[in-house]
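This briefing covers one protein chain, topic by topic. Please look over the sequence and the structure before reading on.

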Amino acid sequence: MTVGVLKGSSEIGLSEQEIKEMDPYQLQDRMKRAENRLLQAGTDFVVNEIGD
């Protein structure tokens, strides 16, 4: 079983600071696209952050 993590991952490609400063709607869109890529690659679950 594999878990993909969005924030802080290379799939998102943003630093923590960039995530904090990004428009929330743009971030949500970017995270959704990254989630789709991870799922298409065979990831079983995708979480926003490592603590989720």
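How many salt bridges does the structure hold? The structure, a predicted model, holds five salt bridges. Three of the bridges are described below, after helix H2 and the nonpolar core, and the notes end with the loop that follows H2 and with valine 46 in strand S2.

**Helix H2**

- Helix H2 runs over residues 24-40, which makes 17 residues. From the first C-alpha to the last, H2 reaches 24 Å, close to the 24 Å expected at 1.5 Å a residue.
- Leu27, Met31, Ala34 and Leu38 are the buried residues of H2. They are on the same side of H2 because they cover an arc of only 65 degrees around the axis.
- Tyr25, Gln28 and Gln40 are exposed, on the other side of H2.
- The cover over the buried residues of H2 includes strand S1 (3-5), helix H1 (16-21) and strand S2 (45-47).
- The N-terminal end of H2 is capped by aspartate 23. A side-chain oxygen of aspartate 23 lies 3.1 Å from the backbone nitrogen of tyrosine 25.

**Nonpolar core**

- The largest nonpolar core has nine residues in all: Leu6, Ile12, Leu14, Ile19, Met22, Leu27, Met31, Ala34 and Leu38. H2 supplies four residues, the largest share of this core.
- Which residues does methionine 22 touch, not counting residues up to four places away in sequence? Methionine 22 touches Leu14, Leu27 and Arg30 on that count. Of these partners, Leu14 and Leu27 are listed in the core along with Met22.

**Salt bridges**

- Lysine 7 pairs with glutamate 49 in a salt bridge, with the closest N and O atoms 3.8 Å apart. This pair links distant parts of the chain, 42 residues apart: lysine 7 is in the loop between S1 and H1, and glutamate 49 is in the segment after S2.
- Lysine 7 is partly exposed, with a relative accessible area of 30%. Glutamate 49 is also partly exposed, at 40% relative accessibility.
- Another salt bridge joins the side chains of arginine 33 and aspartate 29, at 3.2 Å from N to O. Both residues lie in helix H2, four residues apart, which is about one turn of the helix.
- Arginine 33 has a relative accessible area of 45% and is partly exposed. Aspartate 29 is partly exposed too, with a relative accessible area of 43%.
- The side chains of glutamate 35 and lysine 32 form a salt bridge at 3.4 Å, N to O. These two are three residues apart in helix H2, so about one helical turn separates glutamate 35 from lysine 32.
- Glutamate 35 counts as partly exposed at 21% relative accessibility, and lysine 32 counts as partly exposed at 44%.

**The loop between H2 and S2**

- Glycine 42 is in the loop between H2 and S2. Just after H2, glycine 42 takes a positive phi of about 105 degrees.
- Is glycine 42 buried or partly exposed? Glycine 42 counts as partly exposed, at 45% relative accessibility.
- Glycine 42 and methionine 1 are 41 residues apart in sequence, while their C-alpha atoms are 9.5 Å apart in space.
- Threonine 43 also has its place in the loop between H2 and S2. Threonine 43 counts as buried because its relative accessible area is 15%, and buried means under 20%.
- The side chain of threonine 43 reaches the backbone oxygen of leucine 38 at 3.0 Å. Leu38 is one of the buried residues of H2.
- Not counting residues up to four places away in sequence, threonine 43 touches Thr2, Val3, Gly4 and Leu38.

**Valine 46 in strand S2**

- Valine 46 is found in strand S2, and S2 is among the elements that cover the buried residues of H2.
- Not counting residues up to four places away in sequence, valine 46 touches Gly4, Leu6, Glu35, Leu38 and Leu39. Among these partners, Leu6 and Leu38 belong to the largest nonpolar core, and Glu35 is in the salt bridge with lysine 32.
- Valine 46 and leucine 14 are 32 residues apart in sequence and 17 Å apart in space, C-alpha to C-alpha.

Notes
Residues numbered from 1 in each chain as written. Predicted model: local features only at pLDDT ≥ 70, side-chain atom pairs only at ≥ 80, totals over all residues. Heavy atoms only, no water. Expected span 1.5 Å × (residues − 1). Buried < 20%, exposed > 50% of the residue type's maximum accessible area, 1.4 Å probe, protein only. Arc of directions from axis to C-beta. Contact = heavy atoms within 4.5 Å. Polar contact = N/O pair within 3.5 Å; in protein donor to acceptor, adjacent residues only side chain to side chain. Core = buried A, V, L, I, M, F, W, Y, C linked by side-chain atoms within 4.5 Å. Salt bridge = Lys/Arg side-chain N within 4 Å of Asp/Glu carboxyl O.
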